[in-house]
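Biologist: Hey, I'm new to this one. Can you walk me through it?
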Amino acid sequence: MDYLLEGVRALCDFSGGGWKCLVMYVIGIALIWLAIKKEYEPSLLLPMGFGAILVNLPLSGVLNQNVGGIEAHGIIEWLFEVGIEASEAMPILLFIGIGAMIDFGPLLSNPSMFLYGAAAQFGIFAAILLAALLGFDIKDAASIGIIGAADGPTAILVSQVLKSKYVGAIAVAAYSYMALVPIVQPFAIKLVTTKKERQIHMEYKPESVSKTMRIIFPVAVTMIVGLVAPQSVALVGFLMFGNLIRECGVLGTMSDTAQNQLANLITLLLGITISFSMKAEDFVAVETILIMAIGLFAFVMDTIGGCLFVKVLNIFRKKKVNPMIGGCGISAFPMSSRVVQKLALQEDPTNILIMHAAGSNVAGQIASVVAGGLVISLVSQFLV
């Protein structure tokens, strides 16, 4: 009864910040509603929403426990310290599952798609600049900018490695906008392309990609990235390890496990664990609103950067590329490629771009984790 009374007093103490907890309950319920009703990234938004409620209950035992006068970590605080703060294990392990899900065949049959994936990371650096101009320090600005990677695990990892105090807001922004790709991207694409450009047809001549090439690719990418951007090795290495499990042909059961059980379990735990950073006193602030706005800016600029890059290349090409292909060079796979195909069909029911879009989209998956490593490396050198 004493705990109940103390909890009620804490909620009713509006001068002491009790109102912020009520705001977090609303945010938590909103995330749960989006996950269930709208099916926006339900595997992450639902546990994040429920976790936001858990960690903001007065005297919540998920953050700390007091048994017989002995203080102990609650389950969510323990998961955060072990799985994210101490080792960054959860977001990195998730990349094994992501890698096992990805077919790099469309990219390998047309390696020029790597350029589109790289160009679509423009939003990261544009957002970092904007965040810095708005007064965030360099490590927080870099962490906020990585929302533009359109890759939740990368955003969480970078913000944690750089010790940003806005991990919760960054995670919510990253996954919310990933879920809103079907809404954000059409707006951004139409902003910088004409109807005629969106109607450009691209012939797809699938080139056979040998099993040997599929096996060599993840090993080669890991080695090259390790030399060029060492800070990206954990991200790219685990992504490519998952892909190697998929492509080797002798680990079918493990590939299925990585794609399903492992990915689902880590996603579930990651979603509820990140709610540790969604405590009311830290989350309910003007900075959170700014982070959400900068995150939207990053996603829009990613898409615009990719589209404009293709338009510039088209000046020198006889056979034109549909600029939308550049716009889907972000990490949100396969949502972005589906969005581009849907737009293509709206403009011309006979225009099939899905394979080109998929190649650009998986290129963005690689480019986003490389960009994350580069950001960590550059900021770490700046802070030394």
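Modeller: Sure, and keep in mind that this is a predicted model. A good place to start is the largest pocket, which is lined by 27 residues. Nearest its centre are Glu-41, Ile-98, Met-101, Met-178 and Phe-333.

Biologist: Which elements give two or more residues to that lining?

Modeller: Helix H3 (42–54), helix H5 (89–101), helix H10 (152–161), helix H11 (167–179) and helix H16 (252–273).

Biologist: And how do the residues of the lining of the largest pocket divide?

Modeller: Into 17 nonpolar, 6 polar and 4 charged. The space in this largest pocket comes to about 610 Å³.

Biologist: OK, what about the second largest pocket, what volume does it have?

Modeller: About 370 Å³. Its lining has 18 residues, with Asn-110, Met-202, Glu-203, Tyr-204 and His-356 nearest the centre. Helix H7 (113–119) and helix H21 (354–383) each supply at least two residues of that lining. The lining of the second largest pocket splits into 7 nonpolar, 5 polar and 6 charged.

Biologist: Switching topic: how many aromatic pairs are there in the whole structure?

Modeller: The search finds 6. In one of them, Phe-114 and Phe-217, the ring centres are 6.2 Å apart and the planes sit at 40 degrees, so that pair is tilted.

Biologist: What does that pair tie together?

Modeller: Parts that are 103 residues apart in sequence, because Phe-114 is in helix H7 and Phe-217 is in helix H14 (residues 211–228). Both also belong to an aromatic cluster with Phe-104.

Biologist: Is Phe-217 buried or exposed?

Modeller: Buried, at 8% relative accessibility. Phe-114 is partly exposed, at 31% relative accessible area.

Biologist: Which residue lies over the face of Phe-276?

Modeller: Lys-279, at 4.1 Å from the ring centre.

Key: Residues are numbered from 1 along each chain as its sequence is written. This is a predicted model: local features need pLDDT of at least 70, side-chain atom pairs count only at pLDDT 80 or more; totals for chains, interfaces and linings use all residues. Side-chain values use heavy atoms; hydrogens and water are left out. On a 1 Å grid over the protein atoms alone, a cavity is a set of points where a 1.4 Å probe fits but cannot get out, and a pocket is an open set with protein on both sides within 12 Å along at least five of seven lines; lining residues have an atom within 4 Å of a point. Grid points are joined across faces, edges and corners, and a volume is the space filled by probe spheres set on the points. Helices (H or I, at least four residues) and strands (E, at least two) are DSSP runs, numbered from the N terminus. Ala, Val, Leu, Ile, Met, Phe, Trp, Tyr, Cys and Pro count as nonpolar, Asp, Glu, Lys and Arg as charged, and the others, Gly among them, as polar. Rings of Phe, Tyr and Trp (its six-membered ring) pair if their centres lie within 6.5 Å; planes under 30 degrees apart count as stacked, over 60 as edge-to-face and the rest as tilted. Buried means under 20% relative accessible area, exposed over 50%, partly exposed in between (1.4 Å probe, protein chains only). A charge sits over a ring if NZ of Lys or CZ of Arg is within 6 Å of the ring centre and within 35 degrees of the ring normal.
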